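Work through the following exercises with the sequence and the structure side by side. Try each task on your own before you read its solution.

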Amino acid sequence: MENRPVGARQARELLRVAFGPSVVALVVIAAVTLLQLLIANSDMTGAFGAIASMWLGVHQVPVSIGGRELGAMPLLPVLMMVWGTARTTAAATSPYGSWFVTRWVVASALGGPLLIAAIALAVIHDAASVLTELQTPSALRAFGGVLAVHLIGAAIGVASRVGRRTVQTTRLPNWLPEAFRAAAAGVLALAGLCGVVTAASLVVHWSTMHELFAITDSVFGQFSLTVLSLLYLPNVVVGAAAVAVGSSAHIGLATFSSFTVLGGDVPALPILAAVPTPPLGPVWVALLIIAAASAVAVGQQVARRPAPIHVAAAKLVVASALAALTMALLGEAGGGRLGNFGEVGVDQTTFGPGVFLWFTVIGGLTVAMTGGIVRRPRPVRVAAPEPEPEPEPEPDLQPEPEREPEPEVDDADTGPIVDAPPEMRRGAPEPAAQPADVAHDPEEHFLTDDIADDVTDEGVTGHAGTGRAPTDDEPRRPAD
């Protein structure tokens, strides 16, 4: 554990961010320049001007010597500068640090290189007074190139540390880091596959590469050509990527695409032996498979976390746009004027759109086929809560007063209750009808021997055939 105070430790980190990558580049460039001058048995006049010019050339600033502009600078040094800036910036940035400290880190990553760029311009201007062939570059172009290179590196470094926190604390979509990852996968896949094709083409055109190495007999000269070819290797890979997506690359009048090749003068650089020569064989059409394979890599990264169709489409479009923008920037940085050969680069009108279309179409098919799209869940209707039952009233604990029993009333009788004789009450059985002249003495209902003969089949015959029994007042009929 360091015993230094926090302020001193932060100051040291800011100094490392500001001057670390730039000073390392200056040391390497100075060593190479001095070694070249020593081997060529040349004096050291203008050495500082050459070192300053090469340092600006690392930041894609054109160098003019003898009226000839060298604008197509190698991409490998600038990529290493971006990587160094991103690494030092990420090391000095805390994932949970304050934004005030983060802004100071970014300012240091930009301020140090701009200061060195100003010193380099002054050195070149002073050396141009001695070496008339050396010309001072445009100050605006110099500061713009240095600012762009280190700003990209600082943005990559800071985003790698605080990117997720920024997404979580702002209104940015949560899938944005996945889109960046998919774009990086697509760019790396396209560049890697094009690098493999470049190496295979060098093997096929081995005799041409051997002839280009034979232009110098010295070992140091061939070593210099090898180093220069390695520095320009990313430029050739970007050109191959342009051919793979259906665009074209050109070196002066020479144009190369998957469908046609127009011949022209090509610089005597061994790495350029990989370019196709007319007549174009059908094997170069197979470069389109590289674009499709890179698009599949993008689709697989997007489909790692399945999402609804609108989210998956947004991730794919953003990833494709970022990849197309990255390749377009590499194509712009790797191009420029190359002395008497003319302009070198790719067709920017079709390169970026070609990458975007390949990654969007083939990547979208890959997302759909690998299960990267899920259906949105149907909304579940929640039933309205049932009203709570009203609380039952508490029972009255006081005893109710006794009520007198009510008289039973027939349901069918709706009239008033009156005292009626039993035979008139509703429901009482009516007495059997009796003749009015029959006495109520029960003995009168028995037949005697005197009147037995009066009983016939038609009934009981009484006095004078009246059919009734004689009364006590009437004389009885004598028996026969």
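**Exercise 1: the sheet**

Task: In this predicted model, find out how strand S4 and strand S5 are joined, and then place them in their sheet.

Solution: Begin with the pair itself, where strand S4 (residues 249-251) and strand S5 (residues 254-256) run antiparallel and are joined by 3 bridges. As an example of a bridge partner, His250 is matched in S5 by Thr255. Next, widen the view to the open sheet, whose 5 strands follow the order S6-S5-S4-S8-S7 with antiparallel pairing. Strand S6 (261-262) and strand S7 (336-337) stand at the edges and have a single partner strand each, so one side of each is left without a neighbour in the sheet. Finally, look at what packs on the sheet: helix H9 (residues 233-244) touches S4, S5 and strand S8 (343-346), and its direction makes about 55 degrees with that of S8.

**Exercise 2: the aromatic pair**

Task: Decide how the rings of Phe100 and Trp104 are arranged, and state whether Phe100 is buried or exposed.

Solution: A search of the whole structure finds 1 aromatic pair. Its members are Phe100 and Trp104, whose ring centres are 6.5 Å apart and whose planes stand at 75 degrees; planes over 60 degrees apart count as edge-to-face, so this pair is edge-to-face. Both residues lie in helix H4 (residues 99-128), where they are 4 residues apart, about one turn of the helix. For the last step, compare each relative accessible area with the cut-off, which is over 50% for exposed: Phe100, at 52%, is exposed, whereas Trp104, at 47%, is partly exposed.

Methods:
Residues are numbered from 1 along each chain as its sequence is written. This is a predicted model: local features need pLDDT of at least 70, side-chain atom pairs count only at pLDDT 80 or more; totals for chains, interfaces and linings use all residues. Side-chain values use heavy atoms; hydrogens and water are left out. Two strands pair if DSSP finds at least two bridges between them. Helices (H or I, at least four residues) and strands (E, at least two) are DSSP runs, numbered from the N terminus. Contact means heavy atoms within 4.5 Å. Axes are lines fitted to C-alpha atoms, for helices over the stretch in contact, and angles run from 0 to 180 degrees between N-to-C directions. Rings of Phe, Tyr and Trp (its six-membered ring) pair if their centres lie within 6.5 Å; planes under 30 degrees apart count as stacked, over 60 as edge-to-face and the rest as tilted. Buried means under 20% relative accessible area, exposed over 50%, partly exposed in between (1.4 Å probe, protein chains only).
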